[in-house]
Structure formats: structure tokens, C-alpha cells
Amino acid sequence: MRPKTEITARGALRIAALGLAASFALSLTAASALALSEIKREEIPAPVTPPATDEGTGPENSVPMPDPIQAPPAASAPGGSEEAPEDQPAEPQDPEPDAPDATGPAAPHLDPDGPLPEIVYDLSRLPEPVARMRNLLVEAAKTGDIEKLRPLIGQGESMPQLSFGEIEGDPIAFIKGLSGDGEGQELLAIMEEVLNAGYVHLGEGTDEDLYVWPYFFGIPLEKLDARQKVELFKIVTAGDYEDMKQYGTYVFYRLGITPDGRWAFFVAGD
């Protein structure tokens, strides 16, 4: 059995050792806390105070703000275009092209208050030269060959009016170009249908003495009766009829022949 004094001395030494260890641990903890505190202080960047600038401007390296959006100036010139500056003359505008001059015997001239022309179906009442030219045109149309019209067109001033504008080049090629099929058969069909309708004799005894097919050319649309409208719809559609109401007259294809048998015109339009 160990002496009691020895045990007491060992216990004191152990207690002292434990106290030293605890003191050392506390020292390490305080040092670590101090070190962490210092690290955190170093990592946090110091606040940057922007340099003083003139009023209304940002920092030197800041992104400039875009200019405020401004509405374009209101156009004061007619048509919504801007006026040219005073020191710069306005550019001259090209004049609009003149519309075709729809005048002459092929253009309708109806007096809504005047007497209506006689509508004739009897071909025997035609002068012989007129009847002959009509028959030649009908026979040419029935063949389906647009070239059959070439001998009837003639040349120079004797040529019939085929348009209210100028025609350049071959008149037969022009007619083919007007035809929806590109070969002229559509125009030939229209010609035959027109010449099989009734006709009117206009301008008798004047320089514009003409026999004109179909008779709708000489009658205001609002004066057509129900039976005559049925005959009209053999040539035009109901949609065409509604469009023609704004003119008050028939403006589809019509064909005129002079009393001496000259083919005067075959045109459409107002």
C-alpha cells in the first residue's frame, strides 16, 4: 500500500497539469478568435467613396445613360412630308401621269334626260357594208384563230381603236395580251357574244354616225328593265354590273362599225 502523502503529491501534479492544459487551450482559443476576427476585417473591402463630380454628371467610369426618346416632329407639309430647310430647296416631285383620254365615239355619252335610242335586233335593217363587216367579224371569232382578225384590222388610220391608250407593236399581239387565256380565244368569245346582242344606231347624220353593239352602250343602266338585264348578264357578271353602277352606264366591251363598213372600235373601259 502506497503512502497517503505520495498519492496526494501525484494528485496535485495532475491537477496542476490539467490547469496548465486548460490555460493553454484558452490561450489558443483566444488567439484563434483574434486571428479569425482579423481575417474577416481584412476580407471586407473598405467602402469606396466616389470622387466629387460636377453637378449632373456621374462617376468617371460609370456607364452613360442614353438620351431621352423624343417623338419625331409633326409633319406640317401637305401629304405628311417634312418641309425642306429654308436654305435647301424642296426636291421637285414628278407629276402624275395623265390618265388615258377616254373620249371619242368609243366612250359613252349618255343624256339621262334625253330620248332613248331604238334597240334593234333585226340584222336586215343594217346597211349592207355594216352587215358585211359584222358577218366577217363573227365568222373570224368562231374560228378561234385570232389571226383571222388581221385582214379586218387594216393599217394606219383605218385601224380600229383597241384601247384608250397608245398601242405599240402588233395589234394582234396586243389583243392576245388582253385575253385571259393568252391566245385570244377569250376576246374572240366576247366579240361574238357582243355582236349577237341587239344594237343601236347613234349619231345618225353626224361625223360620229355609228352602229354599236351591244345596245347597253346607249342605254343608262337604271333604265334597263328585267328582260334587258337578263340579256346584259349573258355578257357580264352580276359583280361587273354592280361595278358599272358607279358610272351609270355600260363600260364593258363594245364594238362599233361606221355606215361605210369600217370597223371603228372594240374596247372596254370608261
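Hi everyone, let's start with a helix pair: helix 2 and helix 5 are oblique to each other, because oblique covers whatever is left once angles under 35 degrees (roughly parallel), over 145 (roughly antiparallel) and 65 to 115 (roughly perpendicular) are taken out. Their axes cross at roughly 140° and come within 8 Å; axes here are lines fitted to C-alpha atoms over the stretch in contact, with angles from 0 to 180 degrees between N-to-C directions. Helices are DSSP runs of H or I with at least four residues, strands are E runs of at least two, and both are numbered from the N terminus.

A word on the source: this is a predicted model, where local features need pLDDT of at least 70, side-chain atom pairs count only at pLDDT 80 or more, and totals for chains, interfaces and linings use all residues. Residues are numbered from 1 along each chain as its sequence is written, and side-chain values use heavy atoms, without hydrogens and water.

Now, which residues does Leu137 of helix 2 touch? Leaving aside residues up to four places away in sequence, they are Leu149, Leu152, Met191, Leu195, Leu255, Ile257 and Trp263, with contact meaning heavy atoms within 4.5 Å.

Leu137 is also among the residues with the most contacts inside the largest nonpolar core, which has 53 residues. Such a core is a set of buried Ala, Val, Leu, Ile, Met, Phe, Trp, Tyr and Cys residues joined through side-chain atoms within 4.5 Å, buried being under 20% relative accessible area with a 1.4 Å probe, protein chains only. Helix 2 gives the most to this core, seven residues.

Trp213 is on that most-contacts list too, and a cis peptide bond joins Trp213 to Pro214, with omega about -10°. Pro214 sits in the loop between strand 2 and helix 6 (226–232). Thanks, all!

How values were computed
Buried < 20%, exposed > 50% of the residue type's maximum accessible area, 1.4 Å probe, protein only.
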